[in-house]
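Trainee: Got a minute to go through this one with me? I'd like to start with one residue and work outwards.
Mentor: Sure, put it up.

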Amino acid sequence: MLRSKTFVKKTRSGGIRKIVREHYLRDDIWCGSELCTECKQESTVLLKDACIESSLCTFPHYLIPDTNVVLHQIDVLEDPQLRNVIILQTVLQEVRHRSAPVYKRLKDLIHEQEKHVYTFTNEHHRETYVEREPGESANDRNDRAIRVAVDWYNHHLENTESDGLKVVLITNDQGNKEKAEEGGLLVYKCEEYVKSLLANPELVDRLALTNDNKNDISSSKVLFPEHFPLARIQAGIKGGTFLQGTYRASRDNYLEATVLLQGLQNLNRAIHQDVVAVQLLPREQWVAPSSIVLQDEREAKDEETTEEEEKEQAMKNIADDAARKPTGRVVGIIKRNWRPFCGMLNSSLIKESTRHLFTPADRRVPRIRIETRQASSLADQRIMVAIDGWPRHSRYPNGHFVRSLGAAGDKETETEVLLLEHDVPHQDFSQAVLSFLPKMPWSITPEDRAVGVHIADVSHFIRPGNAMDLEASNRGTTVYLCGRLQSLFATLQCGEACFLFVINSKASLTYAEAQLRIDDATMNDDVTSSLRGLNKLAKILKRRRIEKGALTLSSLEVRFHIDSETHDPIDVHTKELMETNSMVEEFMLLANISVAQKIYDEFSECALLRKHPAPPPSNYEILSKAAKSKGLAIHTDSAKALADSLDVAKVDGFPYFNTLLRVLATRCMMQAVYFCSGMDSDFHHYGLASPIYTHFTSPIRRYSDIVVHRLLAVAIGADGTYPDLTDKHKLSLFFKSRGLLNEEGFILFVRKNAIIVLIPKFGLEGTVFFDGKDKTGPKLVFDEEGPTLMVEQHTFKIFDKVKVTISLDDSNIQHQKIRMSLVEPVIPGVSVPVPEVGPLSKKPKLDR
Amino acid sequence: MATVQLSEAEKVYVLHGIRDDLRVDGRSCEDYRHVEIETDVVSNTDGSAKVTLGHTAVLVGVKAEMAKPRPAAPEEGYLEFFVDCSANATPKFEGRGGEELGMELTNTLYRVFNNKHSVDLGSLCISPGEHCWLLYVDVLLLQCDGNLYDAISIGIKAALFNTRIPKVLISEGEEGGTEIELSDDPYDCVRLAVDNVPCMVTLCKVGPRYVVDATLQEKACSVASLIMAVTPAGTCTCMRKVGGGSLDPESVFEMTEAGKRVGKSLHGPLVALLSQEESLGKKRQKVGFLG
């Protein structure tokens, strides 16, 4: 039977078009139930004995959730306990339209065989299709379609030999519920139903908070201004009164974001990563970004607005006009970008209370209020929480518990948290991926050997479009974590095939071994002399590069010594660079540059290259300021000038100064990017001073290299790394076992109420606060020009050498962090006494 | 125009019949042939009608589109016409054969309908000087058996009656600009008043008398015809003489009076029929093109 669906649409160009779609109705759509004898279906999804122990429904029943229940309570639906669920096509389509992530989860759910979820295509079924009636809204029509489908199921299954099996509609919409009851359907609210599941009390925790119970969870005081309706926001953006952008919270200060939005009121419930509409404040209300490091350290109490106001007051520093930046306020949220957040539960002070605050691991995300009965068991676990909404009168957004990740402080758990928080794909490789592995042993046909840089052609195995390729392009890069390698390709590849075992190798040397051979004048065998030759060549190459203005910048890399049995980190060192490292690096660079030139010659339009744009002069401000504090001048006109002035920037008796300066210079740089040669005409790589560059040498680690390999293979034959994914977490595990340490460090930045200290030994940055939690902090005088900070009598300048103790602050377990306190210089009331380093519980084994 | 060849004897027979007010098919001089009308036949238009008059068949579709009002009439919408002479109607229309006739018909339609006295153009205005509705009226000739003008005008009136324009809301943007919003209910639409839309009546002078709704044979006997647009009130809004023969003032006057009379009596049954069809709603059995 043919019907047509007609609707009117506004086109992008502002026109209005009538669209007609043909819609075919069929009578061969089966119900999917095991009970049914009428339907000629080949396999069934819904079970005969659909029993869930519920005090409301004592008989076997199938569940039909409506769209809003799926959208908001997907966490409940995902529970393995809930089985025999019918998802109507109407619901599926609406979910798809409204939320892509939920739609994906729903699809996964449907594919899970254990769950017995059946999709009923009611929109194409002759008896359940409903046409929209005059005066009926699209939502009402969909609700009616759902009710008609439920009714159909009830009648359809009535005649079968079921022992009273019924179909239950789950909806949270009062109007829909009433109409369904009128029509004689069995209908419950999601909450009612879940609470009736006697065997699974923990499911209640997963219920998202709905509008009904929002009121009793928070005070009635309205804290936030209302968001504008979407239509007005769109008009405003079009008209230029509002600006649209992604809200990125500041790491240092939870009440400030980028430079635009300051203060709780002005943030107006925006959460990190949301797309928001912003209205600029009048010029006289503009403020400068504050230098205060502010963290939400408060206890879980609600009525602390006074303190809040004080903090905001403190931020509004009397800045001169030059430092003021355009300031605005959030008037509406265009798109929420909520994801489940990992973090810790902050138990309520009242024991019996079921409402608790949750502190996310990501500092840029506000705390979330959740409701749970298992607070005591969750107290020392890392858990995952999803946000449901943020009402105007609530200080915190409301959310619900999703799942527990494991005990806090456990290596497995912490690694999981890191991977989840950075959205690193870390599932095990699927069978489909593994099926593309070559059969071992595998060998290549012998060829004439040539002197050169040999890179394993991983792309030989990774054919474009196969499962392994898709997986790798999704992962993008290999992520190294403590005791865990989140690799780009499946294991066999990395472990065996890729390393050039198949090549007739003279010697396999580590960097250190090679260095020893070069240095040892007594060794004169073939391998050693050729190594020396290579080294000589590398030095020439490097000199040429530096003459052209290549920069030697510094970013500290640390190396862990891992206990061979427990795999716990036991010691940490800054990675030392040897001559051989530099030698291999030179040849790698040479290979990359040659390959870049080759693929560009061959494919001038589509070569994958990598460029590093020259930073704008304003980026160097911080560097020049820092150098000036030591009476040095840095020239930033060209890369060469910068490299030269960095080379001569030395302070007597302060050998580490140069490295510090280079660390700062790294921060001035732009991000290097991959690009396609046809898109851009400027290929210059600023840092390497090379006219052309690409990534070729690490196909095992980076997906971009695979692409380059493929290009090169045809010719003859984004930055996707994770900059925040450093090893800080491992450090905290390390410090946890080591207790207090007393280390020397240098001041990297001076803030209004704190200094940021870099400890060279661990490559670790930390913040030393001067204003204590109590209000009787020391007297602080901040001078923005220096910048310097005077604490009582002592003045802190950038690059000052200080001594600090490092400890893991686990007094506040929801947010374990590395805490630094000042030891030297001694300032009464601020610094702490030198701690005694406690004896280690286990003698550390250095280097395995 | 498609013509038939008649012998002298046949011509005399037709002529004599008309003189005695009895035409070849049994009609009197002011009678129309059997008319069939069906509206809403093309689902992707905003309004459509199919009209058969004897063996003449035309299909009319109306599509509404947003446009900027013409500078001369900032508070009015407007209509655009196009007549497609399909080669289905007669082999003569093949290739560019129908172009000349189509152009002639189109020009007449502009003169008859595209003014505020015939169609309520003011109601097509959305915001003066900014937005208005532009109605594309497309006519497709499916079969030619004489009297195209009358059939087309009945089709246009029926299609305009059937036209439903989506309702739009104009909200003042904050900066003075207007925002157009579309109602999300497809049933929420505006209809066009067709009270004053005229019908065309073609009178063919055959011998001493004249006939309405001439067949091709009668047309072959005629030397001149008068095309009139008549409103339901009986006002003649437009008149055009076609054909090589001459008409003396007396017979022009007579024919005008007859045209007014016939035109006036055409509107009543037409509107009644359209309303009746509409009142059936979804129960109406659709005939379409295969019925």
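Trainee: Leaving aside neighbours within four places in sequence, what is B:R33 in contact with?
Mentor: B:D25, B:R27, B:L53, B:G54, B:H55, B:T56, B:D145, B:G146, B:N147, B:D213, B:A214 and B:T215. Keep in mind that this is a predicted model.

Trainee: Where does B:R33 sit in chain B?
Mentor: In the loop between helix 1 (8–19) and strand 1 (35–39) of chain B.

Trainee: And is B:R33 buried or exposed?
Mentor: Buried: the cut-off is under 20% relative accessible area, and B:R33 has 10%.

Trainee: What does the B:R33 side chain reach?
Mentor: The backbone oxygen of B:D145, at 3.0 Å. B:D145 also turns up with B:R33 in a network of salt bridges, but let's take a simple pair before that.

Trainee: OK, B:D25 was on your contact list. Which residue does B:D25 meet in a salt bridge?
Mentor: B:R27, with 3.1 Å from N to O. In general, side chains of opposite charge can pair when their charged atoms come close.

Trainee: How accessible are B:D25 and B:R27?
Mentor: B:D25 is partly exposed at 42% relative accessibility, whereas B:R27 is buried at 7%.

Trainee: Any other salt bridge in chain B worth a look?
Mentor: Try B:R96 and B:E99, whose closest N and O atoms are 3.1 Å apart. B:R96 is exposed, at 66% relative accessibility, and B:E99 is partly exposed at 43%.

Trainee: Now the network. Which residues do shared salt-bridge partners join?
Mentor: B:R23, B:D25, B:R27, B:R33, B:D145, B:D213 and B:E218, in one network. So B:R33, the buried arginine we began with, is part of that network, and B:D25 and B:R27 are in there too.

Trainee: How many salt bridges does the structure hold over all chains?
Mentor: 25. For one in chain A, look at A:E191 and A:K195, with their closest N and O atoms 3.0 Å apart.

Trainee: Where do A:E191 and A:K195 lie?
Mentor: Both are in helix 7 (residues 190–195) of chain A. They are 4 residues apart, about one turn of the helix. A:E191 is partly exposed at 26% relative accessibility, and A:K195 is partly exposed too, at 47%.

Trainee: Switching topic: backbone. What is phi of B:D21 near?
Mentor: Near 60°, which is a positive value in a residue other than glycine. B:D21 lies in the loop between helix 1 and strand 1 of chain B, and it's partly exposed, at 33% relative accessibility.

Trainee: And what about phi of B:D40?
Mentor: That one is positive as well, near 55°. B:D40 is in the loop between strand 1 and strand 2 (47–53) of chain B. With a relative accessible area of 32%, B:D40 is partly exposed.

Trainee: Let's zoom out. How many helices and strands does chain B have?
Mentor: 5 helices and 14 strands. Of its 291 residues, 50% count as buried. Take the contacts in chain B between residues at least 6 apart in sequence: 70% of them join residues at least 24 apart.

Trainee: What pLDDT does chain B average?
Mentor: 89, and 96% of the residues score at least 70. Where pLDDT is low, the predicted coordinates should not be read in detail.

Trainee: Then the interface. How many residues does each chain put into the contact?
Mentor: 19 from chain B and 19 from chain A. About 1,700 Å² is buried between chain B and chain A, and carbon and sulfur atoms give 54% of that.

Trainee: How many salt bridges and polar contacts are there between chain B and chain A?
Mentor: The salt-bridge count is 0. There are 2 residue pairs in polar contact, both at pLDDT 80 or more.

Trainee: Which elements give two or more residues to the chain B side?
Mentor: Strand 3 (56–67) and strand 9 (178–182) of chain B. The largest share, 3 residues, comes from strand 9. By class, that side of chain B has 9 nonpolar, 3 polar and 7 charged residues.

Trainee: And what scores does the predictor give the complex?
Mentor: An ipTM of 0.71 and a pTM of 0.52.

Terms used: Residues numbered from 1 in each chain as written. Chains lettered and ligands numbered in written order. Heavy atoms only, no water. Contact = heavy atoms within 4.5 Å. Buried area = accessible area lost by both parts, 1.4 Å probe. Salt bridge = Lys/Arg side-chain N within 4 Å of Asp/Glu carboxyl O. Polar contact = N/O pair within 3.5 Å; in protein donor to acceptor, adjacent residues only side chain to side chain. Nonpolar A, V, L, I, M, F, W, Y, C, P; charged D, E, K, R; others polar. pLDDT = per-residue confidence, 0-100. Buried < 20%, exposed > 50% of the residue type's maximum accessible area, 1.4 Å probe, protein only.
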